[in-house]
Amino acid sequence: MRAGFPDFRLGNVLATSFTGTLSERHGDAVERIPTPQRLVDWLAVSGLAVDSCTAAQLDLARELRESIHAAATAAAIQDALPAAAVRVINDRSAQGRAAAILTPEGKRRWRLSSDSSVEDALGVIAADAISVIAGERDGKLALCASPTCQAAFFDTSRSRTRRWCDMNTCGNRQKKARFNANQRKSPRSVE
């Protein structure tokens, strides 16, 4: 990762990992793709390498990110999907040019051509969001239980009862806060 930027929070689901490029939405928000080059970096670690990104393409990416977040949040709470968000997701999906390929391990990967652009990578992310939000994948959309985060994530745990978008950040932070609160309530006896 490039020095001076917060680490990426990568998950197993492309679309919800992309929404995680803006974290702590209800607290002190952390923008993880503040520059066009940083979006290029995120796309590369997500298997969607492109050569460059303009400020206008970064704006398109952020618009898609917020649209996926809005639609995934609505789906998680079983509310109507916002029409504007659906329109952006569908537009980005239709504009992208990428091919799904099967790896020798039986996994699906996306192949962008050598002259692919950010729009092609955004098309892959939008297509992934459509499959998740439409319920085509085995799992359930949920919202992080952290009051400062509340990120949409895709729960593939066996019981579908996961509470945190990321146990290493939000989960640990909440458990630590609970532990500290309990310590203040019951001080240890001094011998």
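User: Which glycine follows helix 2, and what is the sign of its phi?

Analyst: Glycine 47 comes after helix 2, and its phi is positive, near 80°. A helix here is a DSSP run of H or I with at least four residues, a strand is a run of E with at least two, and both are numbered from the N terminus. Note the ground rules. The model is predicted, so local features need pLDDT of at least 70 and side-chain atom pairs count only at pLDDT 80 or more, while totals for chains, interfaces and linings use all residues. Residues are numbered from 1 along each chain as its sequence is written, and side-chain values use heavy atoms, with hydrogens and water left out.

User: How many helices and strands are there, and in what pattern?

Analyst: The chain has six helices and six strands. Along the sequence they run α-β-β-α-α-α-β-β-α-β-β-α. The C-alpha trace spans about 70 × 40 × 40 Å along its principal axes.

User: Which residues of helix 2 are buried?

Analyst: Start with the cut-offs. Buried means under 20% relative accessible area, exposed means over 50%, and partly exposed is in between, with a 1.4 Å probe and protein chains only. In helix 2 (residues 36-45), the buried residues are Arg38, Leu39, Val40, Asp41, Trp42 and Leu43. They pack against helix 1, helix 3 and helix 5 (118-133). Contact means heavy atoms within 4.5 Å. Across the chain, buried residues make up 37% of the 191 residues.

User: Which non-glycine residues have a positive phi?

Analyst: Two cases to look at are glutamate 24, with phi about 55°, and glutamine 78, with phi about 60°. Glutamate 24 sits in the loop between strand 1 (22-23) and strand 2 (30-31). Glutamine 78 sits in the loop between helix 3 and helix 4 (83-95).

User: Is glutamate 24 buried or exposed, and why?

Analyst: Glutamate 24 counts as buried because its relative accessibility is 10%. Glutamine 78 counts as exposed because its value is 75%.

User: Where is histidine 69, and what is it in contact with?

Analyst: Histidine 69 lies in helix 3 (residues 55-76). Its relative accessibility is 13%, so histidine 69 counts as buried. Leave aside neighbours within four places in sequence: histidine 69 is then in contact with Thr19, Arg25, Gln150, Ala151 and Ala152. Isoleucine 125 is 56 residues from histidine 69 in sequence and 12 Å away in space, C-alpha to C-alpha. For the whole chain, take contacts between residues at least 6 apart in sequence: 55% of them join residues at least 24 apart.

User: What volume does the largest pocket have, and which residues are closest to its centre?

Analyst: Rolling a probe the size of a water molecule over the atoms shows where empty space is left. A pocket is an open set of points on a 1 Å grid over the protein atoms alone, where a 1.4 Å probe fits, with protein on both sides within 12 Å along at least five of seven lines; lining residues have an atom within 4 Å of a point. The largest pocket holds about 560 Å³ of space. Of its 16 lining residues, Asn12, Val13, Leu14, Arg108 and Arg109 are closest to the centre. Helix 1 (14-19) and strand 4 (108-111) are the elements that give two or more residues to the lining. Strand 4 gives the largest share, three residues.

User: How many charged side chains are there?

Analyst: There are 27 positive and 21 negative side chains, with the centres of the two sets 8 Å apart. Lys and Arg count as positive, Asp and Glu as negative; His and the chain ends are not counted.

Note on methods:
The place of a charge is taken as NZ of Lys, CZ of Arg, CG of Asp or CD of Glu. Grid points are joined across faces, edges and corners, and a volume is the space filled by probe spheres set on the points.
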